[in-house]
Amino acid sequence: MDKPQDREKYRRIPVTVLGTVYEPPGPYLVLVLMEQLINEYNEEMKDKHIIEKVVLFHLQFEAMHPFVDFQLNNSNS
């Protein structure tokens with residue numbers, strides 16, 4: 001990550017994932033989607049096996065791309 005000021009903060013910019021046609025949700029949705037994901041993990045997945053919970057959480061988290069990192073490009077550049 002080349003911008004220390006962005007560390008530990010949800011992204012505030014739109015991003016693209018290089019090499020794919022997938023477009024992560026807009027930055028205005030990240031907070032709401034993260035809250036939904038955490039609530040779902042804590043409540044709706046409580047009866048699932050831990051491996052299944054972790055895999056589902058990871059898939060949804062990565063699809064959201066809530067943070068700016070080295071694998072993402074600012075779509076405005």
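Glu 52 counts as partly exposed, at 39% relative accessibility; this class lies between buried (under 20% relative accessible area) and exposed (over 50%), with a 1.4 Å probe and protein chains only. The model is predicted: local features need pLDDT of at least 70 and side-chain atom pairs count only at pLDDT 80 or more, while totals for chains, interfaces and linings use all residues. Residues are numbered from 1 along each chain as its sequence is written, and side-chain values use heavy atoms, leaving out hydrogens and water.

**Exercise: the chain as a whole**

Task: State how many helices and strands the chain has, and in which pattern they follow along the sequence.

Solution. Begin with the count: there are 2 helices and 2 strands. Helices (H or I, at least four residues) and strands (E, at least two) are DSSP runs, numbered from the N terminus. Next, read along the sequence, which gives the pattern β-α-α-β. For burial, 23% of the 77 residues are buried. Last, take the contacts, meaning heavy atoms within 4.5 Å. Of those in the chain with a separation of 6 or more, 61% are between residues 24 or more positions apart.

**Exercise: the two helices**

Task: Determine how helix 1 is oriented to helix 2, and which residues make their contact.

Solution. Helix 1 covers residues 27-44 and helix 2 residues 50-64; their axes come within 11 Å and cross at roughly 175 degrees. Axes are lines fitted to C-alpha atoms, for helices over the stretch in contact, and angles between N-to-C directions run from 0 to 180 degrees. Under 35 degrees counts as roughly parallel, over 145 as roughly antiparallel, 65 to 115 as roughly perpendicular and the rest as oblique. The two helices are therefore roughly antiparallel to each other. On the side of helix 1, the contact involves Val 30, Leu 33, Met 34, Leu 37, Glu 40 and Tyr 41; helix 2 supplies Ile 50, Lys 53, Phe 57, Gln 60, Phe 61 and Met 64. Sorted by class, these are 9 nonpolar, 1 polar and 2 charged residues. Here Ala, Val, Leu, Ile, Met, Phe, Trp, Tyr, Cys and Pro count as nonpolar, Asp, Glu, Lys and Arg as charged, and the others, Gly among them, as polar.

**Exercise: the nonpolar core**

Task: Find which residues make up the largest nonpolar core, and which helix gives the most to it.

Solution. A nonpolar core is a set of buried Ala, Val, Leu, Ile, Met, Phe, Trp, Tyr and Cys residues joined through side-chain atoms within 4.5 Å. The largest has 5 residues: Val 30, Met 34, Leu 37, Phe 61 and Met 64. Helix 1 and helix 2 are the elements giving two or more residues, and helix 1 gives the most, with 3. Not counting residues up to four places away in sequence, Val 30 touches Tyr 10, Arg 11, Met 64 and Pro 66.

**Exercise: salt bridges**

Task: Name the partner of Lys 46 and of Lys 48 in a salt bridge.

Solution. A salt bridge needs a side-chain nitrogen of Lys or Arg within 4 Å of a carboxyl oxygen of Asp or Glu. The structure holds 2 of them. Lys 46 pairs with Glu 43, with the closest N and O atoms 3.9 Å apart; Lys 46 is exposed at 52%. Lys 48 pairs with Glu 52, again with 3.9 Å between the closest N and O atoms. Lys 48 lies in the loop between helix 1 and helix 2 and is partly exposed at 34%. Leaving aside neighbours within four places in sequence, Lys 48 is in contact with Lys 53 and Leu 56.
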